[in-house]
Amino acid sequence: MVTYDHELSAKDYAFLRKVVGWNEITEMQAKRGIDNTTFLITAKENGKTIAMARLLFDYGYTAYISDVIVLPEYQGHGIGKHMMEEIFCFVNENSISGEYISYFLQAAAGKEGFYHKLGFVSRPNNELGAGMTKRIN
């Protein structure tokens with residue numbers, strides 16, 4: 001049975017990133033990232049962390065969703081959707097009803113369809129320019 005909580009070790013964070021082929025980060029980077037996350041949700045099965053998602057929120061209008069990871073063998077079972085819904089709930093609970101909120105994320109290649117089902121749109125489009133990123137090292 002899958003359970004959800006808000007705890008994540010730096011070791012589990014690094015493991016999840018490695019399994020899905022993302023750049024490796026140091027344990028110290030992982031700890032700093034976790035410690036400075038606004039909202040974190042994890043999914044666990046039998047004590048093993050199988051998924052995670054992080055939110056960086058300014059409590060104004062910008063909500064950046066980061067590191068949505070579900071181990072491949074658990075994908076397609078609603079875990080990612082549940083974590084995203086928890087993020088949306090957190091933002092709604094910490095915003096004033098009717099205010100403008102802008103969510104941002106970078107979808108991993110091939111995962112765009114998951115986010116489209118949640119109402120996200122790809123960029124560029126007729127209203128929005130290209131999303132951009134800059135990585136160092």
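A residue is counted as buried when its relative accessible area is under 20%. By this criterion T49, at a relative accessible area of 4%, is buried in the predicted model described here. T49 is a residue of strand 3, and its side chain makes a polar contact of 2.9 Å with the side chain of D12. Beyond the neighbours within four places in sequence, the contacts of T49 comprise L8, D12, L16, T42, A43, K44 and L71.

Two of these partners, D12 and L16, direct attention to helix 1, which runs over residues 10–19. The buried residues of helix 1 are A10, Y13, L16 and R17. These residues lie on the same side of helix 1, because the arc they cover around the axis is only 125 degrees. Such an arrangement can be set against the geometry of an ideal helix: with 3.6 residues a turn in an α-helix, residues three or four places apart point the same way. The exposed residues K11 and K18 are carried on the face of helix 1 that is turned away from the buried side. The partners of the buried residues are helix 2 (27–35), strand 3 (48–57) and strand 4 (62–70), against which they pack. Just after helix 1, the backbone at G21 adopts a positive phi of about 85 degrees.

The nonpolar interior was examined next. In soluble globular proteins, nonpolar side chains tend to be buried together. The largest nonpolar core of the model comprises 32 residues, of which L55, I65, I79 and M84 touch the most other members. At least two residues of this core come from each of helix 1, helix 2, strand 2 (39–45), strand 3, strand 4 and helix 3 (79–93). Helix 3 makes the greatest contribution to the core, with seven residues. For I79, the contacts outside the neighbours within four places in sequence are V2, Y4, A43, I50, A51, V70 and Y74.

Helix 3 itself has regular dimensions along its axis. Its 15 residues should span 21 Å at 1.5 Å a residue, and the end C-alpha atoms are 21 Å apart, in agreement with that expectation. Within helix 3, the buried residues are I79, G80, M83, M84, I87, F88, F90 and V91. Taken together, the buried residues of this helix pack against strand 1 (2–5), strand 2, strand 3, strand 4, strand 5 and helix 4 (112–116).

Aromatic side chains were also analysed. Nine aromatic pairs are present in the structure. One of them is formed by F114 and Y115, whose rings are arranged edge-to-face at 4.9 Å centre to centre, with 80 degrees between the planes. The two members of this pair fall in separate accessibility classes: F114 is partly exposed, with a relative accessible area of 28%, whereas Y115 is buried at 8% relative accessibility. Ring pairs further link F114 and Y115 with F88, Y103 and F120 in a cluster.

Within this cluster, F88 is among the buried residues of helix 3, while Y103 belongs to strand 5 (residues 102–105). Y103 is partly exposed, its relative accessible area being 23%. Apart from neighbours within four places in sequence, Y103 is in contact with A63, I65, F88, V91 and F120. These contacts include I65, one of the core residues that touch the most other members, as well as F88 and V91, both buried in helix 3. By contrast, Y103 and I25, which are 78 residues apart in sequence, are separated by 25 Å in space, C-alpha to C-alpha.

Several backbone features complete the description. Y59, although not a glycine, has a positive phi of about 60 degrees. This residue is found in the loop between strand 3 and strand 4 and is partly exposed, at 45% relative accessibility. D67 likewise is not a glycine and has a positive phi, of about 55 degrees. D67, however, lies in strand 4 and is buried, with a relative accessible area of 10%. Finally, R123 and P124 are joined by a cis peptide bond, for which omega is about 0 degrees. P124 is located in the segment after helix 4.

How values were computed: Residues numbered from 1 in each chain as written. Predicted model: local features only at pLDDT ≥ 70, side-chain atom pairs only at ≥ 80, totals over all residues. Heavy atoms only, no water. Buried < 20%, exposed > 50% of the residue type's maximum accessible area, 1.4 Å probe, protein only. Helix = DSSP H or I, 4+ residues; strand = E, 2+ residues; numbered from the N terminus. Arc of directions from axis to C-beta. Contact = heavy atoms within 4.5 Å. Phe/Tyr/Trp six-rings, centres within 6.5 Å; stacked < 30°, edge-to-face > 60°. Polar contact = N/O pair within 3.5 Å; in protein donor to acceptor, adjacent residues only side chain to side chain. Core = buried A, V, L, I, M, F, W, Y, C linked by side-chain atoms within 4.5 Å. Expected span 1.5 Å × (residues − 1).
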